[in-house]
Structures are given as C-alpha cells and as structure tokens.
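Reader: Please take one part of this model, its interior, and describe it closely. I should like the account to proceed from the enclosed spaces to the elements around them.

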Amino acid sequence: MKKLLMVAAFSIAASTQAFADSQIIHDSTHSDALGRSIPMYVYLPDGYQTAKEPYPVIYMLHGAESKEDSWVDRGGIKVTADNLIARRQLRPSVIVMPTTGPQTWYVDGNADKAETAILKDLLPFVEKKYNTRKDRAGRSVAGLSMGGYGALNLSLSYPELFCAAGIFSPAIYVPLPPQTSAARRAAQFVDKSGAFDESAWTKALYTSRIDDYKKKGTVVPMWIQSGDHDPLGIVVSAANLYWELNKTQKNAVEYRVVDGGHDWLVFRDSSVSGLPWMNSQCEVLDKGK
C-alpha cells in the first residue's frame, strides 16, 4: 500500500506537467554491426526546437522480451521527465530509448553485436541528428532488468563515455542465471546445439569487466535499485554489486531496496528516484570541468 500511495502521489504531482510542451518521437537508424535497423523513441524536452545550446542525453534501455516503446507506454517516461525537469531535479535532457532486439542483452554475443551497435551506430547517429552534447558530462545511461545489465556493462567498459548510470533491477546473475531467466533462451547465450552457453554468459557478465574498470580509475557514479520481493533473486545480485563497487567508489554508488517485485511499479519508481541522483552526479562533473 505504501508503494502504491507513493506512485499515486507522484502521479498527482506530475499531472500539472502532463501537458508540458515536450515531445516523444519515433526514429531509427541502420546498424552495420547488427545488419538491421535500431528503432528508438526519443523524448525532446520543452523548448528543444528553439534551443541553441546542446542538451544532455540519457540512454534508457528496456528489459528482455520488450522493445523501444516500453519506457514510453509502460514506464511513463514523458510524465516523469516533464515533472523532474519542472522541479529542477533533472536538467532539460534528450532521452533516447532504443532497441537492439528483445533478447540481445546489449552485448556482443553468439548471435548479435549489440554492444558494438550501441557504440558505433547508435551514439554517433544521435549526436549527429539531435542537438545533444558529445562530452562525458552530458551523457548518461540507465536501464531495467536486461537493460540494467546493459547499462552496467556499458558503464564499466566505457567509463569515459558516461557521467552516471542507473542500474534498475539488474539481471546480473552470478555465476549463472536462474532457470526462469530469459537469458537462458536468448540467442546471445545459446550454442549451436541450442543449449545454454555458460561460457558466453560468463564472458559477457559484469564480473569479467569490473577489474579493468577499476584499473582505469574513471568512476561512473551508479544508482542501483531493486524490489525486495523480486522473484528472480535480483535483490541479492544488486546488493553484491553495490558492495563490490562500494570498496572503491563508496561516495559514488547508492543502493535502494523498495517494496515490490520485478515489475513496472519498481521500474518506474527507480526512474523517479534514480534520474535526479544521476543528474546531480553529472552536474558535479560538469562544474569540475
């Protein structure tokens, strides 16, 4: 009940901003890495059409078996962004919600080079077509479940690109995903015989990236959030990630456990809580330039 009241309260507060002159548009770009298009929805803040200065950009990644419309249709991202910007808890920003496929896990796996597609195809397209910043302090990434997995991997492997990350209910199972996880059916982690490929999972998992991340010394502040009743056991995986990061960046990582499961009540709350914190971290970096 407390969770429902919190979401309802935010919705009521946001209602006055529901008609803000922001836009959600659909777009796509061809990806050489994937050999197909990358469809996306793009949130353009109020004032975008006449602005001269470039906007910060936030990449929001969806979960498994979803597509580019999930943050729009189910995640309520327009209302969330409108309200946070109006409250000055979020810099006016362009929000890009792409899909590289429902089961790519945003990595270069057995079937697709989704990680390469994001870096080599998506980011250059967005920064050429849209009035967005091209510096680290103007670029952040977040995602839910499979998208949390992807946002974490991108942040660890390319910390020079992102000023902050939102890791929402991340499907970062160590050492292997549970039998009920969509990862076990994903072509990225299935071998030629159709069996789950443990080595492909291990190679792509954040545990194979975190040592190099620490050696680089460039810290990406991370907001981690999960539901306490997540049936996939993600609350434990997220806690382990938090503790590992806390050893080296204790002032640049936060972990919140909220009442809920692996569902949109938790995911939406994560964006409402996480985006302002991410924004604050990016603004600190911006001021220190």
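Author: On a 1 Å grid over the protein atoms alone, a cavity is a set of points where a 1.4 Å probe fits but cannot get out, whereas a pocket is an open set with protein on both sides within 12 Å along at least five of seven lines; lining residues have an atom within 4 Å of a point. The model is predicted, so local features require pLDDT of at least 70 and side-chain atom pairs pLDDT 80 or more, while totals for chains, interfaces and linings use all residues. Residues are numbered from 1 along each chain as its sequence is written, and side-chain values use heavy atoms, without hydrogens or water.

The search of the whole structure returns two cavities of 30 Å³ or more (volume being the space filled by probe spheres set on grid points joined across faces, edges and corners). The largest cavity holds about 60 Å³. Its lining consists of Pro56, Ile58, Leu90, Arg91, Ser93, Ser140, Leu275, Met278, Asn279 and Cys282. Helix 9 is the greatest contributor to this lining, with four residues (helices, H or I of at least four residues, and strands, E of at least two, are DSSP runs numbered from the N terminus). Six of the lining residues are nonpolar, three polar and one charged (nonpolar: Ala, Val, Leu, Ile, Met, Phe, Trp, Tyr, Cys and Pro; charged: Asp, Glu, Lys and Arg; polar: the others, Gly among them).

The second largest cavity has a volume of about 30 Å³. Around it stand Tyr59, Leu61, Pro98, Ile118, Leu122, Leu123, Val141, Leu154 and Phe162. Helix 4, residues 114-129, and strand 3 each provide at least two of these residues, and the largest share, three residues, comes from helix 4. By class the lining has nine nonpolar residues, no polar and no charged ones.

Strand 5 touches on both accounts: Ser140 lines the largest cavity, and Val141 lines the second largest. Is strand 5 mostly covered or uncovered? Six of its six residues are buried (under 20% relative accessible area with a 1.4 Å probe and protein chains only; exposed is over 50%, partly exposed in between). Arg139, Val141 and Gly143 are buried on one side of strand 5, and Ser140, Ala142 and Leu144 on the other.

The neighbours of strand 5 complete this part of the picture. Strand 3 pairs with strand 5 in the parallel sense over five bridges (pairing requires at least two DSSP bridges between two strands), and Met60 stands opposite Ala142. Strand 6 also runs parallel to strand 5, joined by four bridges, with Gly166 opposite Ala142.

These strands belong to an open, mixed sheet of eight strands in the order 1-2-4-3-5-6-7-8. Strand 1 (23-31) and strand 8 (253-258) form the edges, each pairing on one side only. From one strand to the next, the twist averages 20 degrees (axes are lines fitted to C-alpha atoms, for helices over the stretch in contact, and angles run from 0 to 180 degrees between N-to-C directions). Helix 9, residues 264-287, lies across strands 3, 5, 6, 7 and 8, at about 165 degrees to strand 7 (contact means heavy atoms within 4.5 Å).

At the strand 1 edge, strands 1 and 2 are antiparallel partners over nine bridges, in which Met40 of strand 2 is the bridge partner of Asp27. Thr29 lies in strand 1 and is buried, its relative accessible area being 12%. Apart from residues up to four places away in sequence, Thr29 touches Arg36, Ser37, Ile38, Met40, Asp121 and Phe125.

The open spaces may be set beside the enclosed ones. About 290 Å³ lies in the largest pocket; among the 22 residues that line it, Gly63, Ala64, Ser145, Ala182 and His262 are the closest to its centre. Eleven of the lining residues are nonpolar, seven polar and four charged. The second largest pocket has a volume of about 220 Å³, and of its 14 lining residues the closest to the centre are Asp108, Gly109, Ala200, Lys203 and Ala204. Helix 6, residues 198-204, gives the largest share of that lining, four residues. Here four residues are nonpolar, five polar and five charged.
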